[in-house]
Amino acid sequence: ITFDISLKENLSKVIADNQEMNRAFQNIIKNSLQAIDKEGIIKVVTWENNEFIHILIEDNGEGMDKDILGKLFEPNFSTKSSGMGLGLSITKKSLDSMKAKISYESERGKGTKVLIQISKFFSGS
């Protein structure tokens with residue numbers, strides 16, 4: 001598996017929980033790794049606009065259909081034989097508490113795109 005990383009230099013600073021963000025990225029990238037059968041690519045791209053810092057994580061793994069996409073953030077939902085199905089529900093809850101957004105696009109056989117948008121104006125809870 002190859003990583004293609006394109007991080008914008010000098011992104012604006014945001015207020016976010018470092019450990020929670022680390023956990024979120026680990027969960028998403030781990031899912032990408034597990035979705036790729038043998039060889040593949042995971043792209044990580046960052047950019048910003050006036051309102052948000054954007055982080056895109058994209059893989060060319062097996063992808064998901066609409067039924068699975070609709071259940072991704074439900075506690076105890078998993079398509080894997082191991083794990084408890086809590087990773088993405090915890091990730092979403094953590095991002096929600098930081099006023100960040102997460103969205104998924106996926107198509108079976110074509111891979112998955114995960115977009116995280118962190119507000120540049122959040123001042124804590």
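Buried here means under 20% relative accessible area, exposed means over 50%, and partly exposed is what falls in between (1.4 Å probe, protein chains only). Everything below comes from a predicted model, in which local features need pLDDT of at least 70 and side-chain atom pairs count only at pLDDT 80 or more, while totals for chains, interfaces and linings use all residues. Residues are numbered from 1 along each chain as its sequence is written, and side-chain values use heavy atoms, with hydrogens and water left out.

**View 1. The whole fold: three helices and five strands.**
Walk along from the N terminus and the elements go β-α-β-β-α-α-β-β. Helices (H or I, at least four residues) and strands (E, at least two) are DSSP runs, numbered from the N terminus. Of the 125 residues in the protein, 34% are buried. Contact means heavy atoms within 4.5 Å; among contacts between residues at least 6 apart in sequence, 66% join residues at least 24 apart.

**View 2. Strand β2, with its two faces.**
Which side chains of β2 point to the buried face? Ile-42, Val-44, Thr-46 and Glu-48 do, and they are buried. Ile-41, Lys-43, Val-45 and Trp-47 point to the other face and are not buried.

**View 3. The neighbours of β2: β1 on parallel terms, β3 on antiparallel ones.**
Strands count as paired if DSSP finds at least two bridges between them. β1 (2–6) runs parallel to β2, and five bridges join the two. One spot to look for is Thr-2, which stands opposite Ile-41 in β2. β2 and β3 run antiparallel and are joined by seven bridges, forming a hairpin with three residues between the strands. Follow the partners across: Lys-43 is bridged to Glu-58 in β3, and Val-45 to Leu-56 in β3.

**View 4. A left-handed β-α-β unit from β1, α1 and β2.**
For the handedness, set the strands pointing away from the viewer: a crossover is right-handed if the path from the first strand over the helix to the second runs clockwise. The unit made by β1, α1 and β2 is left-handed. In the loop between β1 and α1 you'll find Asn-10, a residue other than glycine whose phi is positive, near 60 degrees. Asn-10 counts as exposed because its relative accessibility is 72%.

**View 5. Strand β3, mostly covered.**
How many of the eight residues of β3 are buried? Seven of them are. β3 also runs antiparallel to β5, with eight bridges joining the pair. Glu-58, the bridge partner of Lys-43, stands opposite Lys-113 in β5.

**View 6. The second largest pocket, about 300 Å³ in volume.**
The pocket search uses a 1 Å grid over the protein atoms alone: a cavity is a set of points where a 1.4 Å probe fits but cannot get out, whereas a pocket is an open set with protein on both sides within 12 Å along at least five of seven lines, and lining residues have an atom within 4 Å of a point. Grid points are joined across faces, edges and corners, and the volume is the space filled by probe spheres set on the points. There are 15 lining residues, and the closest to the centre are Leu-11, Phe-25, Thr-46, Ile-53 and Ile-55. The elements giving two or more residues to the lining are β1, α1, β2 and β3, with α1 giving the most, at three residues. What sort of residues make up this lining? They come to 13 nonpolar, two polar and no charged. Here Ala, Val, Leu, Ile, Met, Phe, Trp, Tyr, Cys and Pro count as nonpolar, Asp, Glu, Lys and Arg as charged, and the others, Gly among them, as polar.

**View 7. Helix α3 and its surroundings.**
Along α3 (residues 87–97), the buried residues are Leu-88, Ser-89, Thr-91, Ser-94 and Leu-95. An α-helix has 3.6 residues a turn, so residues three or four places apart point the same way. The cover over the buried residues of α3 includes α1 (18–35), β4 (100–107) and β5 (111–119). Zoom in on Ser-89, which counts as buried because its relative accessible area is 14%. Beyond its neighbours within four places in sequence, Ser-89 is in contact with Phe-73, Glu-74 and Pro-75.

**View 8. Lys-99, in the loop between α3 and β4.**
Just after α3, the backbone at Lys-99 takes a positive phi of about 60 degrees, although Lys-99 is not a glycine. Is Lys-99 buried or exposed? It counts as exposed, because its relative accessibility is 52%.
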